[in-house]
Amino acid sequence: MLLGTHLTLLPKAKIAPFSPTVLAPAPSATPSPIDSDIASEIGAVTSPLATDGSVLAVDGTPTRCTPSCGAASPLAVLVWPSILLLPLYMTCGERYRDIFPEEWYAAPEPGQWPSALGLSLGISAVAVGQIFALLYHILRVKGYLGALIPIQRKGAPTYPLASELLSHLAQPEGFAMLGCYLSGTWMMGWMPASYYSFEGGVQWELVALQLLCQDGIQYLMHRIEHKASPALYQASHKPHHRWTNPKLFDAFNGSAADTFLMILVPLFATAHLVQGCNVWTYMAFGSLYANWLTLIHSEFAHPWDAVFRSLGLGTAADHHIHHALFIKNYGHLFMYFDWVCGTYKDPATCSKFNSGV
Ligand SMILES: [Zn+2]
Ligand SMILES: [Zn+2]
């Protein structure tokens, strides 16, 4: 779908008058031996470079300007509290008690259907987070949030924004499948009892534990999809690897089998492994998880990447390594599992990437 649009770069004038400031790629690190090995193993295409070192688009158009164009806006980091807006708003002074009737958030009696309030708020939390994550991305692409650095030296793919946005939101293997999973497991009472409780606020330590557990199981499922058998890879994960230079809207673009194995199985396991979470904790985890997964597919580096990398948190460049080289960086939110299993590759050591990403 729209594959052709991913492979061609439009002239900058297409997004005028608010064309993004694209920083010149700084000289890339010297390719490591493993870099060359991987590139030849997978037949990777190296980026076209002009004689002056500027990045050329596929059609040969230079995509560079100078670093004096400006820096990324610090306002960009506001996307993170925005992703948590709904659980933070509802729990501040237990505001939810003033908004909803008590029977909607009371603990369900044994044998009763659970109230749909927690489910509705959970899905809404992800939706609110997604609105802000997408708004952040659109403002960047339009040039409102300062300079942009494409992750890969070949430059960021360009595409018709409106149709890609609609396609991202409407992918059946994305939010539709996630919504069905959340609704089914919630209403059937398949979540641990504590997840239905509105008592207390967001339990941040449990949010962190859920994210770690989810990413650890997802790492395992991801490697199984890649390595268990060529048939499994083709039937599940291969569609998500159509892009070696992904963009933000490719985050949930794959297949139903891929979503089931790499997202839903880890979600169900995590819910039953991380005990004691209340509805607000589950909500904060869900919104952080879904929106973080979206953000690491960005075609541009984020302003928080240096801090994230120092903490081992997943960045867009870390995930681009996986899309570009296939056999490295299987983790999404954290790089810890790649570090331990020897599958991590630092974007700074990849000759296909701009430095500073
Ligand atoms: Zn991906
Ligand atoms: Zn993969």
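In which hand does α7 pass α9 where the two helices cross? In this predicted model, the crossing of α7 past α9 is right-handed. The following paragraphs place that crossing in the context of the chain and then turn to the helix contacts, the nonpolar core and several individual residues.

The chain has 357 residues, of which 43% count as buried. Its secondary structure amounts to 16 helices and two strands. When contacts between residues at least 6 apart in sequence are considered, 77% of them join residues at least 24 apart.

Helix α7 takes part in two of the packings described here. The axes of α7 and α9 lie 10 Å apart and form an angle of about 160°. An angle over 145 degrees counts as roughly antiparallel, and α7 and α9 are therefore roughly antiparallel to each other. On the side of α7, the contact is made by Gly118, Leu119, Gly122 and Ile123, and on the side of α9 by Gly179, Leu182, Ser183, Trp186 and Met187. By class, the residues of this contact divide into five nonpolar and four polar, with no charged residue.

The second packing joins helix α7, which spans residues 117-141, to helix α13, which spans residues 279-295; their axes are 9 Å apart and the angle is about 30°. This angle makes α7 roughly parallel to α13, since values under 35 degrees fall in that class. The crossing of α7 and α13 is also recorded as right-handed. Helix α7 contributes Gly118, Leu121, Gly122, Ala125, Val126, Gly129, Gln130 and Ala133 to the contact, while α13 contributes Val279, Tyr282, Met283, Gly286, Ser287, Ala290, Asn291, Thr294 and Leu295. The contact of α7 with α13 comprises nine nonpolar and eight polar residues, and no charged ones. Gly118 and Gly122 of α7 are among the residues that make the contact with α9, and both also appear in the contact with α13.

The largest nonpolar core holds 69 residues, and within it Met283, Ala284 and Leu288 touch the most other members. Two or more residues of this core come from each of α3 (79-83), α4, α7, α9 (172-187), α10 (204-227), α12 (256-273), α13 and α15. The element that gives the most is α13, with twelve residues. Beyond its neighbours within four places in sequence, Met283 is in contact with Leu86, Pro87, Leu121, Gly122 and Ala125. Of these partners, Leu121, Gly122 and Ala125 are listed among the α7 residues that meet α13.

Helix α15 is largely enclosed by the rest of the structure, because nine of its ten residues are buried. The buried residues of α15 are Ala316, Ala317, Asp318, His319, His320, Ile321, His322, Ala324 and Leu325. Phe326, placed just after α15, takes a positive phi of about 70°. Farther along the chain, Asn329 occupies the loop between α15 (316-325) and α16 (336-341). Asn329, a residue other than glycine, likewise has a positive phi, near 55°. Asn329 is buried, as 27 other C-beta atoms lie within 10 Å, and the threshold for that class is 20 or more.

A positive phi is also found at Glu94, where the value is about 50° although the residue is not a glycine. Glu94 belongs to the loop between α4 (85-91) and α5 (96-99). With 13 C-beta neighbours inside 10 Å, Glu94 counts as partly exposed, whereas Asn329 is buried.

Two tryptophans were examined in the region of α6 and the loop that follows. Trp104 is part of helix α6, residues 102-105, and counts as partly exposed, with 14 C-beta neighbours inside 10 Å. Residues up to four places away in sequence being left aside, Trp104 touches Ser115 and Leu117. From Trp104 to Gly118 the C-alpha distance is 8.7 Å, with a separation of 14 residues in sequence. Trp113 lies in the loop between α6 and α7. Trp113 counts as exposed because it has 10 C-beta neighbours inside 10 Å, and the limit for that class is 12 or fewer. Although 73 residues separate Trp113 from Trp186 in sequence, their C-alpha atoms are 9.4 Å apart in space. Trp186 is one of the α9 residues that make the contact with α7.

How values were computed:
Residues numbered from 1 in each chain as written. Chains lettered and ligands numbered in written order. Predicted model: local features only at pLDDT ≥ 70, side-chain atom pairs only at ≥ 80, totals over all residues. Helix = DSSP H or I, 4+ residues; strand = E, 2+ residues; numbered from the N terminus. Contact = placed C-beta atoms within 7 Å. Axes fitted to C-alpha atoms, helices over the stretch in contact; angles between N-to-C directions. Parallel < 35°, antiparallel > 145°, perpendicular 65-115°, else oblique. Left-handed = near helix turned anticlockwise from the far one by under 90°. Nonpolar A, V, L, I, M, F, W, Y, C, P; charged D, E, K, R; others polar. Core = buried A, V, L, I, M, F, W, Y, C linked by C-beta atoms within 7 Å.
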